[in-house]
Amino acid sequence: MRIAEIAARAPVIPVLTVERPAEAVPLARALVAGGLPVLEITLRTEAALEALKRIATEVPDAIVGAGTVLNEAQLEAAERAGARFVVSPGCTAALARAAVESGMPFLPGVQTVSEAMAAREHGFELLKFFPADMSGGIGWLKAVGAPLAGLRFCPTGGVNAETAPGYLALPNVACVGGSWVAPKDAVAAGDWARIEGLAATAAGMKRP
Ligand code: 3PG
């Protein structure tokens, strides 16, 4: 599956920072049951790769990827753990080359027009706009629509249930990413019903 096909599967990609491997599978099942099959596990915790592995093997309806991939070594580790795509908060030439060579679907992060142009030079046309809310948000995406025609974005960072629909209404937004569908307190309490409800609301958000 190409990254554009993965992004087309749901309007919202939950960004998940898993603290305990045991919570990974029930969390993934709740999100998938709510209608969000594309899941990003950030490589920011000790538990992240094990969480990814468990979801990849035990939740077949999930399309699980790795987030916060900063370099080639992390890309390879994510691939070994069963990631179907990888996401980075920004992008270097080395990481872009490694992603192209690996054939792994890749969503590179950009924050500026020049970074978006550089990503396109490496062949990427769907980009993570990060951190979206504090970098101009909807206004930035509208402003770059004409000059960066052909590029589409997954705004992430400070996006929430209230602001997501406004982003999703833009023609150059493919989907949005965010952690709001899996609040830390709900995960810690094992409140999977609440998470499924938040996922269902997010899954119902319309794209043009
Ligand atoms: C990410 O890694 O993409 C962000 O931490 C997600 O941002 P959010 O927590 O503000 O949704």
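The lining of the largest pocket comprises 10 nonpolar, 7 polar and 6 charged residues. This description refers to a predicted model. The space enclosed by the largest pocket amounts to about 340 Å³. Its lining is formed by 23 residues, of which V15, L16, T17, S179 and K184 are the closest to the pocket centre. Three elements each give two or more residues to this lining, namely β1 (12-16), β9 (176-178) and α9 (184-189). The largest share comes from α9, which contributes 3 residues.

The ligand occupies this largest pocket. Its surroundings consist of V15, R44, K128, F130, T156, G157, G158, G178 and S179. By class, this shell holds 2 nonpolar, 5 polar and 2 charged residues. V15 and S179 belong to the shell around the ligand, and both also appear among the residues closest to the centre of the largest pocket.

Polar contacts to the ligand involve both side-chain and backbone atoms of the protein. From the side chain of K128, a polar atom is placed 2.6 Å from an oxygen atom of the ligand. For S179, a polar side-chain atom likewise lies 2.6 Å from a ligand oxygen atom. In the case of G158, the protein partner is a backbone N or O atom, at 2.7 Å from an oxygen atom of the ligand. The ligand taken alone exposes 310 Å², and 80% of that area is buried by the protein.

A further pocket was examined for its volume and lining. The second largest pocket has a volume of about 300 Å³. It is lined by 16 residues, and those closest to its centre are R2, I3, G123, F124 and E125. At least two lining residues are supplied by each of α1 (3-7) and α5 (93-102). The lining of the second largest pocket divides into 9 nonpolar, 4 polar and 3 charged residues.

Taken together, the predicted model places the ligand in the largest pocket, where K128 and S179 approach ligand oxygen atoms through polar side-chain atoms and G158 does so through a backbone atom.

Methods: Residues numbered from 1 in each chain as written. Predicted model: local features only at pLDDT ≥ 70, side-chain atom pairs only at ≥ 80, totals over all residues. Heavy atoms only, no water. Near = heavy atom within 4 Å. Polar contact = N/O pair within 3.5 Å; in protein donor to acceptor, adjacent residues only side chain to side chain. Areas by Shrake-Rupley, 256 points an atom, 1.4 Å probe, with all protein chains shown as cover. 1 Å grid on protein atoms, 1.4 Å probe; cavity = no way out; pocket = protein on both sides within 12 Å on 5 of 7 lines; lining within 4 Å. Sits in = over half its atoms within 2 Å of the grid points. Nonpolar A, V, L, I, M, F, W, Y, C, P; charged D, E, K, R; others polar. Points joined across faces, edges and corners; volume = space filled by probe spheres on them. Helix = DSSP H or I, 4+ residues; strand = E, 2+ residues; numbered from the N terminus.
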